[in-house]
Amino acid sequence: MALGNGMGIGIPMVNLGLGGGSGGGGGGFLLDDYPNTNGHSYSLRQLSSTVTNVVRVRRSTDSVEQDFTATEITDGTLATFCAVGGSKGFVTKWYDQSGNSDVINFTALQQPRIFSGGALILQNGKPCVQFDGGDDSLQALLGLPFSSIYYLFAVNTWISTPAEGESYMYGLRTPSIPFLTGDDLSNSISWNGTTGRMKGSGIVGQVGVTDLTFPKIGTFPQSLYYARQAVGAIGSLGSQLKINTTQYPAIGATLNGSAQVNSIHLGESGGGSLNGNIQLQEFVLYISDPGLDAAAIESNINTYYSIY
């Protein structure tokens, strides 16, 4: 099987745990060791012993679709499927390994790639989902919206500097308009070629949000992210961001969480625009505080992806 080495820049979130089984960085599967029952977990490796298929792929020549396990992505099964007629492979569904809400896109021209040019798309030797920065995205409408606080671990690479404006890795969208004028519609991480930004949604009648910004000029290679969005009530334990080994200051006494989140958007802002030219490998969203397990989760992810 031909394997292509994708060029890109990643945004990694905190490494997940010590486990991993056949897809992990240690003794067991990530979600077996650090359950995410109420959250959402997207990855091209197997995160749970109970999971079979991790992604659904459409080949471009005849639009036939097929589900694939993590093993089938790398053992040549996916390549054989996509190679029919010289096809490209597009992701139509990325399964939630927590068993809650899969991210999908039914529009062929807006589906990100996983196989192109006769090869599986790789970042640092591991498969990735590549978004074109034009209109590619994957989305999920949550059956059970969550409020105020979340904890995100992700591995991402920005392939190119945004041509103009902001370029988003993800957006967690509010269901209506509970935010203050001027605040962002969704919780998100974005990059404009010189500055990265973690945004939140303010709540009407309370303190406005404060963006957490950090310098990132020219390129944004594969990285591991741990993003915590929390409301001002948590005070000094509020929103904060860790990229690889760099911890950015906590946003204390500000409302950088959201009144409510009812949809997940990968590869764009949540408003159907400002798409990111990215290679996303893992996106694990905890709704409950992983506490001291966060460091172990981070270690698991970094061990598997060899980021730093």
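1. Let's start with a term you'll need: a salt bridge is a side-chain nitrogen of Lys or Arg within 4 Å of a carboxyl oxygen of Asp or Glu. The side chains of Asp67 and Arg56 fit that description, with an N to O distance of 3.0 Å. Asp67 sits in strand β4 (residues 65-69) and Arg56 in strand β3 (residues 53-59), so this pair links distant parts of the chain, eleven residues apart. Keep in mind as you look around that this is a predicted model.

2. Arg56 has another partner. Its side chain also meets that of Glu65 in a salt bridge, at 2.9 Å from N to O. How exposed are these residues? Arg56 is partly exposed, with a relative accessible area of 23%. Asp67 counts as partly exposed too, at 23%, and Glu65 is partly exposed at 34%.

3. Now have a look at Glu298 and Lys242. Their side chains form a salt bridge of 2.9 Å, N to O. Here again the pair links distant parts of the chain: Glu298 belongs to helix α4 (residues 293-305) and Lys242 to strand β18, with their positions 56 residues apart in the numbering. Glu298 has a relative accessibility of 8%, so it counts as buried. Back at the other site, shared partners join Arg56, Glu65 and Asp67 into one network of salt bridges. In total, the structure holds five salt bridges. As a general idea, side chains of opposite charge can pair when their charged atoms come close.

4. How many disulfides does the structure hold? Zero. In case the word is new to you, a disulfide is a covalent bond between the sulfur atoms of two cysteines. Cysteines do turn up in the chain, though: Cys82 is buried, with a relative accessible area of 0%, and Cys128 is buried at 0% as well.

5. Two asparagines deserve a quick check of their backbone angles. Asn124 has a positive phi of about 55 degrees, although it is not a glycine. You'll find Asn124 in the loop between β8 (119-123) and β9 (126-127). Asn244 also shows a positive phi of about 55 degrees without being a glycine, and this residue is in the loop between β18 (239-243) and β19 (246-251).

6. Are those two asparagines buried or partly exposed? Asn124 has 36% relative accessibility, so it counts as partly exposed. Asn244 has a relative accessible area of 18%, and because buried means under 20%, Asn244 is buried.

Note on methods
Residues are numbered from 1 along each chain as its sequence is written. This is a predicted model: local features need pLDDT of at least 70, side-chain atom pairs count only at pLDDT 80 or more; totals for chains, interfaces and linings use all residues. Side-chain values use heavy atoms; hydrogens and water are left out. Helices (H or I, at least four residues) and strands (E, at least two) are DSSP runs, numbered from the N terminus. Buried means under 20% relative accessible area, exposed over 50%, partly exposed in between (1.4 Å probe, protein chains only). A disulfide is a pair of cysteine sulfur atoms within 2.5 Å.
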